[in-house]
Amino acid sequence: MITLDIMIEAGDWDRLEDAEALAQKAAEAALSVTYEADGAFEASVMLTDDAQIRELNRTWRGKDKPTNVLSFPAPEQPGANGPRHLGDIALAYETLVRESEEESKELSHHFAHLIVHGVLHLLGYDHEVESEAEIMEGLEVKALATLGIADPYRDMAA
C-alpha cells in the first residue's frame, strides 16, 4: 500500500480529470509488480509546470531544460516507525501534454505511465544501461496493463 501526498504547484492540472485518483492507482500498480509490494509506503508528488521542473532539473541534474518527470528517492531510515517514505516525484504539465500529443497517447494514460515510472525510480529501478532499462520497461508495461493501459513502448519500437 502507498499513500501519496499530492501538491499542485503550477500548471493547468485541473484539465486532467481525477489526476489525484489516477496517480494513486498508478502508484499502487507500480508497487504491485515489484518485490517491494509488501509493507506501507508513502511518497510526495508535485504537479507543476515546465518552468519549475526546468529549475529542478538544472539544480539537481545539471540539465537546463524541462523534462516530463523527476524522481528523488529518499534514503531508507532503519528503525523508523510508520510507512516508509520512498521520496518525491515531480511532473511537468506542458511536457506531459506535448508528449501525449506527439506520441498520440491519451493524456491520462501518459500521466499514469509517468507516475509508474517515477515510483519505480523511487524503488531503485533505473534505465541508464540497456539491461536495467529492459527490466524497468517490463515492469512499467506490466503495471500499466493492470490499469488497462496498453504498452507505451510498443509503437515506439516500430
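# Pocket, histidines and helices: how do we know?

The largest pocket has a volume of about 760 Å³. The model is predicted.

User: Which residues sit closest to the centre of the largest pocket, and how many line it?

Analyst: The lining has 30 residues. Closest to the centre are T67, N68, V69, H117 and H127.

User: Which element gives the most to that lining?

Analyst: Helix α4 does, with 5 residues. At least two residues each come from α2, β3, α4 and α5.

User: What makes H117, H121 and H127 worth a look?

Analyst: UniProt, in an unreviewed entry, places the feature "binding site" at H117, H121 and H127. The lining of the largest pocket includes H117, H121 and H127. Such annotations may be inferred rather than shown by experiment.

User: Why is H117 called buried?

Analyst: Its relative accessible area is 13%. Buried means under 20%, so H117 is buried. H117 is found in helix α4, residues 107–122.

User: Does the same word fit H121, or what is H121 called: buried or exposed?

Analyst: H121 has a relative accessible area of 17%. The cut-off for buried is under 20%, so H121 counts as buried. H121 also lies in helix α4.

User: Why is H127 called partly exposed?

Analyst: The value for H127 is 34%. Buried would need under 20%, and exposed would need over 50%. The value falls in between, so H127 is partly exposed. H127 sits in the loop between α4 and α5 (130–146).

User: What makes the pairing of H127 with H117 a polar contact?

Analyst: The two side chains make a polar contact at 3.3 Å. The cut-off is within 3.5 Å, for a pair of N or O atoms. So the distance fits. The side chain of H121 also makes a polar contact with the side chain of H127, at 3.1 Å.

User: Which residues does each histidine touch, leaving aside neighbours within four places in sequence?

Analyst: H117 touches V69, H127, M136 and E140. H121 is in contact with S71, P73, D126, H127 and M136. H127 is in contact with H117, H121, E132, A133 and M136. M136 appears in each of these lists.

User: How do you know that N68 is buried?

Analyst: N68 has 17% relative accessibility. Under 20% is called buried, so N68 counts as buried. N68 is placed in the loop between α2 and β3. Leaving aside neighbours within four places in sequence, N68 is in contact with I53, A90, L91, A92, T95, E99 and L114.

User: What makes the link between N68 and E99 a polar contact?

Analyst: The side chains of N68 and E99 make a polar contact at 3.0 Å. The limit is within 3.5 Å, so the pair passes on distance. E99 is one of the buried residues of α3.

User: Which other residues of α3 are buried, and what do they pack against?

Analyst: The buried residues also include Y93, T95, L96, V97 and S100. The buried residues of α3 pack against β2, α2, β4 and α4.

User: Why are the buried residues of α2 said to be on the same side?

Analyst: In α2 (residues 50–61), D50, I53 and N57 are buried. They cover an arc of only 70 degrees around the axis, which puts them on the same side of α2. An α-helix has 3.6 residues a turn, so residues three or four places apart point the same way.

User: What covers the buried residues of α2?

Analyst: The cover includes β2 (41–48), β3 (69–73), β4 (84–92) and α3 (93–102).

User: What makes D18 and S104 stand out?

Analyst: D18 has a positive phi of about 55 degrees, although it is not a glycine. S104 has a positive phi of about 50 degrees, and it is not a glycine either. Most residues other than glycine have a negative phi. S104 comes just after α3. D18 is in the loop between β1 (2–8) and α1 (19–32).

User: Why are D18 and S104 called exposed?

Analyst: D18 has 53% relative accessibility. S104 has a relative accessible area of 68%. Exposed means over 50%, so D18 counts as exposed, and so does S104.

Methods: Residues are numbered from 1 along each chain as its sequence is written. This is a predicted model: local features need pLDDT of at least 70, side-chain atom pairs count only at pLDDT 80 or more; totals for chains, interfaces and linings use all residues. Side-chain values use heavy atoms; hydrogens and water are left out. Buried means under 20% relative accessible area, exposed over 50%, partly exposed in between (1.4 Å probe, protein chains only). Helices (H or I, at least four residues) and strands (E, at least two) are DSSP runs, numbered from the N terminus. The arc is that of the directions from the helix axis to the C-beta atoms. Contact means heavy atoms within 4.5 Å. On a 1 Å grid over the protein atoms alone, a cavity is a set of points where a 1.4 Å probe fits but cannot get out, and a pocket is an open set with protein on both sides within 12 Å along at least five of seven lines; lining residues have an atom within 4 Å of a point. A polar contact is a pair of N or O atoms within 3.5 Å; within protein, one must be able to donate a hydrogen and the other to accept it, and residues adjacent in sequence count only if both atoms are side-chain atoms. Grid points are joined across faces, edges and corners, and a volume is the space filled by probe spheres set on the points.
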